[in-house]
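Here is a report on one protein, written for someone meeting its structure for the first time. Take a look at the sequence and the model, then read on.

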Amino acid sequence: GTFTISGQFSHLGAFLGPLSLDPGQTLSLSLALALATTDRDTGTLMGTVVDADSGEPVDGAAVVLPGLGQTAISNPLGKFTFPSLPPGMVALHVSRLGYADAIGEVEVKIGMTVHTEVALATEPIALEPIRVTAVRRRIELPGLEDFERRYNSGWGEFILEEEIQRRSPGKVTDLLSSAGVNVSGDGRAVRIRRTGCGPTVYLDGQKLTFLPRSGSMGAQTGWLRSPANPLEHSVGTPEEEAAAALNLVHPMHVVAVEVYRGPAETPGEYIDSNSRCGVILIWTRRGNIGRR
């Protein structure tokens, strides 16, 4: 019959044929192995790079043949091709960002196209640690020039905007328990010290409370009606007046609250005859005072 003969060793190869052999005939041949010089003496390597978990094609993988110095990049279908390779075992090195490298070997044969599939396993990318430094936020609003000085003094309790937003209170008195203020009657009365002693309340530097802050009194005893007093309704006790003043503004407009337990803590500009019952300062976004 008719035969085709090929031989290969490492990157050397040879190809003979077609050759005819008659019955009873002995045919002696010499097969000289050499580096491939024509397409007839080479083979083709085609492959696909896929994700080992999903089986989906991997685009942009680098496929390197280290022994031959050739490189190909997989296309969106994961395909790559190396034409005209010399016959023999060919080493592959496949890499892609986010995947572990894959290394293997494929045998290339003369006159043939060899197909292979490379599965890449996902590998998390180790990054350098990120150091985050938190800097205390400065509150820069008109009228608050001295706020940071008081904040850094170590006196009093402070509730800042970040905490207010995180807690999302329904009214300002809901914030005060964490600052050492006793809140009772579902926010209808507040005190810092003894019963019958209501704190003085300031809103953006303006005093809101005018009742004597301590002592026995009837429902209207001691009420100082001032044209500047924003509280138009009747309040029975200093604790109730303080709570009503605090809840004049909605918490969403408050950027800071300062609480001082008595004259020893209270900044000098807010000390008067009533500061012995404590002082609460509320600071808001300008233009939103009293809006609900």
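## A sheet of three strands

Let's begin with an open sheet of 3 strands, lined up in the order β7-β4-β10 with mixed pairing. Which strands sit at its edges? They are β7 (79-85) and β10 (113-120), and each of them pairs on one side only. On average, neighbouring strands in this sheet are turned by 20° against each other, if you ignore direction.

Keep in mind that you're looking at a predicted model. Now zoom in on strand β4, residues 43-51: β4 and β10 run parallel, and 8 bridges join them. To find one place where they meet, look for M46, whose bridge partner in β10 is H115.

## The whole protein

Step back for a moment. The protein has 292 residues, and 39% of them count as buried. Its secondary structure comes to 3 helices and 17 strands.

How much accessible surface does the protein have? The total is about 16400 Å², and carbon and sulfur atoms account for 53% of that. As for contacts, take those between residues at least 6 apart in sequence: 57% of them join residues at least 24 apart.

## Rings that meet

The model contains 6 aromatic pairs. One of them is Y151 with F158: the ring centres are 5.1 Å apart and the planes sit at 90°, so this pair is edge-to-face. F158 also pairs with Y260, again edge-to-face, with 6.3 Å from centre to centre and 85° between the planes. That second pair links distant parts of the chain, since F158 is in strand β11 (residues 157-160) and Y260 is in strand β16, 102 residues apart.

Are these rings buried or exposed? Y151 has 22% relative accessibility, so it counts as partly exposed. F158 is at 17%, and because buried means under 20%, F158 counts as buried. Y260 is buried too, with a relative accessible area of 1%. Put F147 together with Y151, F158 and Y260, and you have one aromatic cluster.

## E258, a buried residue in β16

Strand β16 covers residues 254-260, and E258 is part of that strand. Why does E258 count as buried? Its relative accessible area is 0%, and the cut-off for buried is under 20%.

What does the side chain of E258 have for company? There's a polar contact of 2.7 Å between the side chains of E258 and R150. Leaving out neighbours within four places in sequence, E258 is in contact with F147, R150, E157, F158, V279, I280, L281 and W283. You've met two of those names already: F147 and F158 belong to the aromatic cluster.

## I164, a buried residue in a helix

Now move to helix α2, residues 161-167, where you'll find I164. This residue counts as buried, at 4% relative accessibility.

Which residues does I164 touch, not counting those up to four places away in sequence? The list is I159, P169, L175, P251, V254, V255 and A256. V254 is worth a second look on your screen: I164 and V254 are 90 residues apart in sequence, yet their C-alpha atoms are 7.9 Å apart in space. V254 also falls within the residue range of strand β16, 254-260.

Key
Residues numbered from 1 in each chain as written. Predicted model: local features only at pLDDT ≥ 70, side-chain atom pairs only at ≥ 80, totals over all residues. Heavy atoms only, no water. Helix = DSSP H or I, 4+ residues; strand = E, 2+ residues; numbered from the N terminus. Buried < 20%, exposed > 50% of the residue type's maximum accessible area, 1.4 Å probe, protein only. Polar contact = N/O pair within 3.5 Å; in protein donor to acceptor, adjacent residues only side chain to side chain. Contact = heavy atoms within 4.5 Å. Areas by Shrake-Rupley, 256 points an atom, 1.4 Å probe, with all protein chains shown as cover. Phe/Tyr/Trp six-rings, centres within 6.5 Å; stacked < 30°, edge-to-face > 60°. Pairing = 2+ DSSP bridges. Axes fitted to C-alpha atoms, helices over the stretch in contact; angles between N-to-C directions.
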